Amino acid sequence: MSSQSPARTPCPCGRSDRREIPIPYLQCCGRYLDDFAQTPAPDAESLMRSRYTAFVREQAPYLLATWHASTRPGSIDFEEGVKWLGLEVRARSVLDADHAEVEFVARRRSSAGVASRLHERSRFMREDDGALSRWYYVDGDLN
Ligand SMILES: [Zn+2]
């Protein structure tokens, strides 16, 4: 259990500010997870981080809403007992205004205690949605 107040709980995605201080959830991915309709993640890396955080918090609606319609699954099943241990963003590349890639490693441990790494280069696409523009996860290549 954390003794920190919820407002200061570091974001699961592990993002830090310029002074290397962890950014609290509410000021990081929480802005997007808690208000997806009005506050979409502003860039591909922020969306990728928020999706990792949504996996940690098992927020399927957010994962589905940020999945591009062309590749979105019908539903999301969370593996029971998995503990996500951390996220490391290895590389980001902006291909053009509406396409970007993010390479990351996510570490996890199964309910049986087996540690594993998910190493993926993910593709993202931006589309207009009324007055807003939104980034979507399209697909990815596992390393
Ligand atoms: Zn975050």
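This passage describes the zinc site and the largest pocket of a predicted model.

The zinc ion is held by four cysteine sulfur atoms, namely SG of Cys11, Cys13, Cys28 and Cys29, at distances of 2.2 to 2.4 Å. The angles among the four donor atoms span 103 to 119 degrees, and the site is accordingly classed as tetrahedral. All angles between 85 and 135 degrees are required for that assignment. For reference, the ideal angle for four tetrahedral donors is 109.5 degrees. Along the chain, the donors of the zinc ion are arranged with the spacing C-x1-C-x14-C-C. Both Cys13 and Cys29 lie in the segment before α1 (30–33), and the pair therefore ties together parts that are 16 residues apart in sequence. Cys13 is buried, as is Cys29.

A second feature of the model is its largest pocket, for which a volume of about 430 Å³ was computed. The lining of this pocket comprises 21 residues, of which Arg51, Phe55, Trp84, Phe104 and Leu118 are the closest to the centre. At least two lining residues are supplied by each of α2 (44–57), β1 (83–96), β2 (99–109) and β3 (115–129). The largest share is that of α2, which provides five residues. In terms of residue class, the lining of the largest pocket consists of 13 nonpolar, seven charged and one polar residue. Arg51, listed among the residues closest to the centre, belongs to the charged class, whereas Phe55, Trp84, Phe104 and Leu118 count as nonpolar.

Notes: Residues are numbered from 1 along each chain as its sequence is written. This is a predicted model: local features need pLDDT of at least 70, side-chain atom pairs count only at pLDDT 80 or more; totals for chains, interfaces and linings use all residues. Side-chain values use heavy atoms; hydrogens and water are left out. Donors are N, O and S atoms within 2.8 Å of the metal (3.2 Å for Na, K and Ca); water is not among the atoms, so sites may look incomplete. Four donors count as tetrahedral if all angles lie between 85 and 135 degrees; four count as square planar and six as octahedral if opposite donors are over 155 degrees apart and all others between 65 and 115; anything else is irregular. Helices (H or I, at least four residues) and strands (E, at least two) are DSSP runs, numbered from the N terminus. Buried means under 20% relative accessible area, exposed over 50%, partly exposed in between (1.4 Å probe, protein chains only). On a 1 Å grid over the protein atoms alone, a cavity is a set of points where a 1.4 Å probe fits but cannot get out, and a pocket is an open set with protein on both sides within 12 Å along at least five of seven lines; lining residues have an atom within 4 Å of a point. Grid points are joined across faces, edges and corners, and a volume is the space filled by probe spheres set on the points.
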